[in-house]
Amino acid sequence: MTIRMAFTGTGHISRVHARAAQAQEDVELVAIVNHREESMADFAAQFHIARQYPNIEALLADGGVDALSVNTPNYLHAPQSIAALQAGVHVMVEKPMALNAEEALAMQRASQASGAKLMVAHCWRFDEEVSWLRAQVKSGQLGDILRTKGHGVHVNWGPGGWFTDARYAGGGALADMGIHAIDVARCLLGDPQPTSVYARISTDYTQGDVDDSGTIWINWANGASSIIESGWWWPHADGPEASTQLYGRRGWGQLFPTRLEIPDREAATVSTIDPGFPPVREDHCPQIMYDRQLAHFINCIRADKTPVPGAAEGLVNMRIVDAALESSRNGSLVSLL
Ligand SMILES: NC(=O)c1ccc[n+]([C@@H]2O[C@H](COP(=O)([O-])OP(=O)(O)OC[C@H]3O[C@@H](n4cnc5c(N)ncnc54)[C@H](O)[C@@H]3O)[C@@H](O)[C@H]2O)c1
């Protein structure tokens with residue numbers, strides 16, 4: 001079955017997803033939506049897309065689309081996704097899935113009501129090193145995971161434009177980068193529910209009206225806890241984006257560089273398990289990760305399966321972000337039970 005795919009937004013990530021769509025079997029790139037005609041024409045020419053629309057309503061009125069990739073500024077994620085889902089079009093929406101958990105819930109309900117699938121593009125779940133570490137956790141190599149430590153931080157760099165304007169982005173580094181680290185930690189732990197969140201969120205390095213620094217403590221229903229750092233323009237980070245460490249009862253594991261250390265207390269030795277990934281990647285966010293992500297979306301449509309990460313996972317991440325902001329405002333631990 002050929003899947004006819006459309007895209008909203010013609011910026012950086014939309015091009016990544018369009019390349020991923022071109023790499024799939026039997027996926028046709030049929031339409032593009034953007035309010036800026038020039039960049040839309042350029043995108044359409046690059047990807048041989050025939051139909052161009054100034055807004056989502058015009059696209060949906062015309063029909064002839066099975067799936068939509070939503071790649072616009074964050075404030076448009078919920079309205080564009082909901083419009084498509086209500087029209088029976090399957091949606092893969094970029095992270096953060098919405099401005100807040102309330103919008104995310106409305107998106108989940110729209111998907112449940114129409115039966116159209118909703119996937120949230122938490123891309124790191126499709127990274128081979130994340131998959132390897134998840135498999136080690138699942139096999140019990142590290143014992144129960146008690147603590148995780150991870151971050152989504154840009155060192156000596158930060159985005160500009162709409163990313164730093166609360167009207168369009170909702171939040172700053174936490175919604176942009178921290179959410180990656182939150183999702184990676186949760187995925188590695190086997191998707192437990194969060195029970196409470198404590199956070200300090202601030203704007204330390206930039207002039208905009210959104211956060212550029214955060215430290216978040218998440219307690220999970222399985223007894224584990226996670227420390228997450230989010231940042232733009234930080235002078236240092238403990239590794240590249242989405243790096244996460246796992247402290248298990250039997251050993252320690254890490255992403256980027258990815259390896260395990262399993263101590264033998266009696267022998268006073270530590271064995272390192274190195275899966276052989278390059279210590280530093282040429283491209284930290286490689287196209288293949290996005291190709292695998294889109295393949296999952298397309299497979300879920302064809303096989304009538306619920307995408308993971310889908311609305312459920314995206315919504316949990318938004319609840320954590322909302323709770324972190326609330327905790328930081330009030331200086332209190334926020335319960336999510
Ligand atoms: N998963 C990842 O690795 C990753 C990486 C980058 C960005 N993202 C996410 O993707 C989304 C887009 O980010 P980006 O870096 O591509 O931003 P960008 O600024 O490069 O692109 C945004 C696009 O949306 C378009 N746009 C704005 N208003 C519109 C409207 N009303 N209708 C249609 N199009 C409109 C802009 O013209 C632009 O083409 C964000 O939510 C961001 O968080 C994810």
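**Figure 1. Packing of helix 4 against helix 5 in the predicted model.** The axes of helix 4 and helix 5 are 9 Å apart and cross at an angle of about 10 degrees. Angles under 35 degrees count as roughly parallel, and helix 4 and helix 5 are therefore roughly parallel to each other. On the helix 4 side, the contact is made by Ala 78, Ser 81, Ile 82, Leu 85 and Gln 86. Helix 5 contributes Glu 103, Ala 106, Met 107, Ala 110, Ser 111 and Ser 114. Sorted by class, the residues of this contact are six nonpolar, four polar and one charged.

**Figure 2. The open sheet of six strands.** Pairing in this sheet is parallel, and the strand order is 3-2-1-4-5-6. Strand 3 (51-53) and strand 6 (118-121) are the edge strands, and each of them pairs on one side only. From one strand to the next, the twist averages 25 degrees. Strand 5 (residues 90-94) runs parallel to strand 6 and is joined to strand 6 by four bridges. Glu 94 has Ala 121 of strand 6 as its bridge partner.

**Figure 3. Helices packed on the six-stranded sheet.** Helix 2 (residues 37-47) touches strand 2 (27-33) and strand 3. The direction of helix 2 makes about 170 degrees with that of strand 2. Helix 4 (residues 77-86) also packs on the sheet, where its contacts are with strand 1 (3-8), strand 4 (67-70), strand 5 and strand 6. Between the directions of helix 4 and strand 5 the angle is about 170 degrees.

**Figure 4. Surroundings of the ligand.** The ligand is surrounded by 24 residues. The closest are Gly 9, Gly 11, His 12, Ile 13 and Glu 94; Glu 94 is also the bridge partner of Ala 121 in strand 6. Helix 1 (residues 12-22) provides the largest share of the shell, three residues. By class, the shell consists of 13 polar, seven nonpolar and four charged residues.

**Figure 5. The open sheet of nine strands.** The strands follow the order 14-13-12-11-7-10-9-8-15, and their pairing is mixed. Strand 14 (269-273) and strand 15 (334-335) stand at the edges with a single partner strand each, so one side of each has no neighbour in the sheet. Strand 7 (residues 145-155) and strand 11 (residues 244-248) run antiparallel and are joined by five bridges. Gly 150 stands opposite Thr 244 of strand 11.

**Figure 6. Contact between domain 1 and domain 2.** The protein chain is divided into domain 1, comprising 3-123 + 290-306, and domain 2, comprising 125-283 + 317-335. Their C-alpha centres lie 27 Å apart. In the contact, 16 residues of domain 1 meet 14 residues of domain 2. Helix 5 (101-114) and helix 9 (287-303) each supply at least two residues of the side of domain 1 that touches domain 2. Helix 9 gives the most to this side, with three residues. The residues on this side of domain 1 are nine nonpolar, five polar and two charged.

Note on methods
Residues numbered from 1 in each chain as written. Predicted model: local features only at pLDDT ≥ 70, side-chain atom pairs only at ≥ 80, totals over all residues. Domains from an automatic or database assignment. Contact = placed C-beta atoms within 7 Å. Nonpolar A, V, L, I, M, F, W, Y, C, P; charged D, E, K, R; others polar. Pairing = 2+ DSSP bridges. Axes fitted to C-alpha atoms, helices over the stretch in contact; angles between N-to-C directions. Near = placed C-beta within 6 Å. Parallel < 35°, antiparallel > 145°, perpendicular 65-115°, else oblique.
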